[in-house]
Amino acid sequence: MVTNPTDQLPTLITDEDGYSVFTTASWPGEQRGGLLLSPQIGASSFRLRTSQTDYTADWHVSGEPTLIVVRRGTLRIGLRDGTHRDFSAGDAFVAADCVVEGDTFNPDIHGHNSAAIADEPLHAFQIKLADRQTTHNPV
């Protein structure tokens with residue numbers, strides 16, 4: 001197995017202090033007749049998402065790991081430290097931040113916020129991943 005740097009995805013996780021942070025996750029790939037394929041990653045559901053241009057969501061966590069693929073528009077993910085990342089058509093990321101088991105959601109610490117920031121509605125695929133462990137391979 002080899003790892004190809006193009007097989008990395010921005011991944012939103014919860015750090016050891018409970019804050020949502022971006023990291024990069026990668027998966028090993030196996031050469032198969034000119035293709036580099038990762039092992040299968042299970043998914044439990046698939047949704048089509050449309051958000052209007054005025055969409056905003058206050059602080060929240062993803063809960064279940066979700067692969068988000070932006071098809072049109074731009075999605076901004078804001079973090080507690082005041083930084084943000086914008087994802088536009090063709091971009092993908094895994095949202096996997098959560099409240100650690102035994103904790104309760106603290107609106108001053110946990111989560112990220114989000115907004116559609118383009119002049120057109122946001123269109124995206126949301127694919128719920130079946131296993132939280134598949135998102136914890138930071139580079």
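Hi everyone. Let me start with a definition: two strands count as paired if DSSP finds at least two bridges between them. Please keep that in mind as we walk through this model, which is a predicted one.

First, the overall make-up. The protein chain has zero helices and twelve strands, so if you read from the N terminus on, the elements simply go β-β-β-β-β-β-β-β-β-β-β-β. Buried residues account for 37% of the 139 residues in the chain.

Now to the sheets. One of them is an open sheet of four strands, with antiparallel pairing, in the order β6-β11-β8-β9. Which strands stand at its edges? They are β6, residues 56-60, and β9, residues 84-88; each has a single partner strand, so one side of each is left without a neighbour in the sheet. On average, neighbouring strands here are turned by 15° against each other, direction ignored. Inside this sheet, β8 and β11 are antiparallel partners joined over four bridges. If you would like a spot to look for on the screen, find Leu75, which stands opposite Ala116 in β11.

As a general reminder, strands of a sheet pair through backbone hydrogen bonds, and they can do that in a parallel or an antiparallel way.

Next, please turn to an open sheet of six strands. Its order is β2-β1-β10-β7-β12-β5, and the pairing is mixed. Here the edges belong to β2 (20-26) and β5 (43-51); each of them has a single partner strand, so one side of each lacks a neighbour in the sheet. From one strand to the next, the twist averages 25°.

Let's follow β7, residues 66-72, through this sheet. Six bridges join β7 to β12, residues 122-129, and the two run antiparallel. Two pairs to look for: Leu67 stands opposite Ile127 in β12, and Thr66 has Lys128 in β12 as its bridge partner. β7 also pairs with β10, again in the antiparallel sense, over four bridges. There, Ile68 has Phe93 of β10 as its bridge partner.

Staying with the six-stranded sheet, let me point out one residue of β1. Thr11 is found in that strand, which covers residues 8-14. Is Thr11 buried or exposed? Its relative accessibility is 0%, so Thr11 counts as buried, given that the cut-off for buried is under 20%. The side chain of Thr11 reaches the backbone oxygen of Leu9 at 3.1 Å.

Last stop: a pocket. The second largest pocket has a volume of about 200 Å³. Of the 16 residues that line this pocket, the closest to its centre are Arg49, His60, Ser62, Ile68 and His112. You have met Ile68 already, as the bridge partner of Phe93. Which elements give two or more residues to the lining? Those are β7, β8 (74-78), β10 (92-95), β11 (112-116) and β12. Looking back at the strand orders, β8 and β11 belong to the four-stranded sheet, while β7, β10 and β12 belong to the six-stranded one. By class, the lining is made up of eight nonpolar, six polar and two charged residues.

That's the tour. Thanks for listening!

Definitions and conventions. Residues numbered from 1 in each chain as written. Predicted model: local features only at pLDDT ≥ 70, side-chain atom pairs only at ≥ 80, totals over all residues. Heavy atoms only, no water. Axes fitted to C-alpha atoms, helices over the stretch in contact; angles between N-to-C directions. Buried < 20%, exposed > 50% of the residue type's maximum accessible area, 1.4 Å probe, protein only. Polar contact = N/O pair within 3.5 Å; in protein donor to acceptor, adjacent residues only side chain to side chain. 1 Å grid on protein atoms, 1.4 Å probe; cavity = no way out; pocket = protein on both sides within 12 Å on 5 of 7 lines; lining within 4 Å. Points joined across faces, edges and corners; volume = space filled by probe spheres on them. Nonpolar A, V, L, I, M, F, W, Y, C, P; charged D, E, K, R; others polar.
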